[in-house]
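Here is a structure, followed by questions about the terms used to describe it. Each answer sets a value against its definition.

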Amino acid sequence: MKVILVTVLSIVFLCSGCSSNIKEEQKSIKICSSLNETMTDILAEDFAKQQNVKVEVRHLPAGNLDERLNFLREGKFDVWLGGTPEEYYLAGEQKMLRSYRPREAYKVPAEMRENQWRWTGLYVDYIGFLTNRDRLRELWLYAPETWNELLKPELWDETALADFKNGGRSYGMITSIWQLRGEAKAMEYAASFNSQLPLYTASEWEAIEAVRSGRKTIAVVSLSTALQLERQNRDLFATLVKDGNKNCITGAAILQGANLAEAQSFMDYLLSEHSKDLLASKGYPLLWRVSDYAHDDGRKMMIGDLELAVDDLSWTAGQKSVIIQQWLNA
């Protein structure tokens with residue numbers, strides 16, 4: 001009887017050990033985001049709930065591109081959310097990205113993704129101006145709609161924009177003018193713009209705050225942000241830049257983290273109709289999805305027949321520091 005009892009207890013003990021081993025750990029994913037915190041949290045929390053995945057989110061700190069790429073590399077993240085094509089191009093050159101073709105890849109136009117699927121576009125935006133109505137009235141000016149209008153004598157020391165090294169839309173100002181006008185005329189414009197003494201800020205939001213507070217009249221920002229702020233504040237006014245613009249693409253890419261399967265699932269989620277509808281329901285109706293690019297009549301009505309620069313990333317990304325220095329020295 002003692003032998004039988006010991007045997008039974010041994011079996012029970014072993015089985016309890018087996019059950020603890022069988023129990024799987026919760027899956028996880030590490031995301032580094034360049035999107036604003038609210039948008040990131042909406043997407044991350046919903047994905048965690050949908051997939052039963054533990055999501056860790058860090059936001060990409062300010063700094064030059066080398067510093068940010070080092071942060072991404074050392075953090076061992078799985079996904080980089082919210083980067084630009086120029087940033088992804090340089091990360092790809094440093095072998096930081098993994099190729100993945102999402103389930104709904106057919107929705108993404110070829111010009112809004114990398115040809116080996118090392119990154120894919122999610123949203124497309126344009127360059128806009130955000131202006132302070134009170135300041136415009138004081139200067140007896142209409143809200144500008146062209147780059148050339150920023151050169152008016154009344155707007156001396158009145159323009160704010162993110163430092164070219166850190167700002168997607170502000171750097172897009174340089175490359176769109178350069179590509180559409182040619183180098184000689186672009187350098188003529190740069191010399192005139194430099195003489196206007198624009199305020200360079202660490203981020204686009206700091207430029208926005210300078211206009212919102214009335215310290216500056218105009219900020220160079222993303223059009224969707226300007227339109228959203230106009231809805232929220234009657235003292236602000238949004239306009240689209242009409243004499244040289246570009247498709248400002250915000251995307252996502254898979255990094256060399258440990259959770260590849262979860263990273264791939266997150267990429268599929270980002271391109272889904274569910275995530276699109278979720279952001280719209282949470283107050284982001286002005287995000288133009290790349291999946292809607294070909295047939296978004298609302299977007300077409302808003303931007304009209306714009307002449308858009310088509311970026312050569314080997315130039316806009318690979319020669320960025322040279323381009324900026326040449327512009328600032330004009």
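Q: What volume does the second largest pocket have?
A: The second largest pocket has a volume of about 160 Å³. A volume here is the space filled by probe spheres set on grid points, which are joined across faces, edges and corners. This is a predicted model in which local features need pLDDT of at least 70 and side-chain atom pairs count only at pLDDT 80 or more, while totals for chains, interfaces and linings use all residues. Residues are numbered from 1 along each chain as its sequence is written, and side-chain values use heavy atoms, with hydrogens and water left out.

Q: Which residues line the second largest pocket?
A: The lining consists of Asn-64, Leu-65, Leu-90, Lys-165, Ala-317, Gly-318, Gln-319, Lys-320, Ser-321 and Ile-324. On a 1 Å grid over the protein atoms alone, a pocket is an open set of points with protein on both sides within 12 Å along at least five of seven lines, a cavity is a set where a 1.4 Å probe fits but cannot get out, and lining residues have an atom within 4 Å of a point.

Q: How does the lining of the second largest pocket divide into nonpolar, polar and charged residues?
A: It has four nonpolar, four polar and two charged residues. Ala, Val, Leu, Ile, Met, Phe, Trp, Tyr, Cys and Pro count as nonpolar, Asp, Glu, Lys and Arg as charged, and the others, Gly among them, as polar.

Q: What lines the largest cavity?
A: Leu-136, Leu-141, Tyr-142, Pro-144, Glu-149, Lys-152, Leu-155 and Ile-218 do. By class, six are nonpolar, none polar and two charged. The volume of this cavity is about 40 Å³.

Q: What makes Tyr-189 and Trp-327 a tilted aromatic pair?
A: The ring centres are 6.1 Å apart and the planes differ by 45 degrees. Rings of Phe, Tyr and Trp (its six-membered ring) pair if their centres lie within 6.5 Å; planes under 30 degrees apart count as stacked, over 60 as edge-to-face and the rest as tilted, so the values meet the rule.

Q: Why does this pair tie together parts that are 138 residues apart in sequence?
A: Because Tyr-189 lies in helix α7 (residues 183-195) and Trp-327 in helix α14 (residues 320-328). Helices (H or I, at least four residues) are DSSP runs, numbered from the N terminus.

Q: Why is Trp-327 called buried or exposed?
A: Trp-327 is buried, because its relative accessible area is 0%. Buried means under 20%, exposed over 50%, partly exposed in between (1.4 Å probe, protein chains only). Tyr-189, at 3%, is also buried.

Key:
Helices (H or I, at least four residues) and strands (E, at least two) are DSSP runs, numbered from the N terminus.
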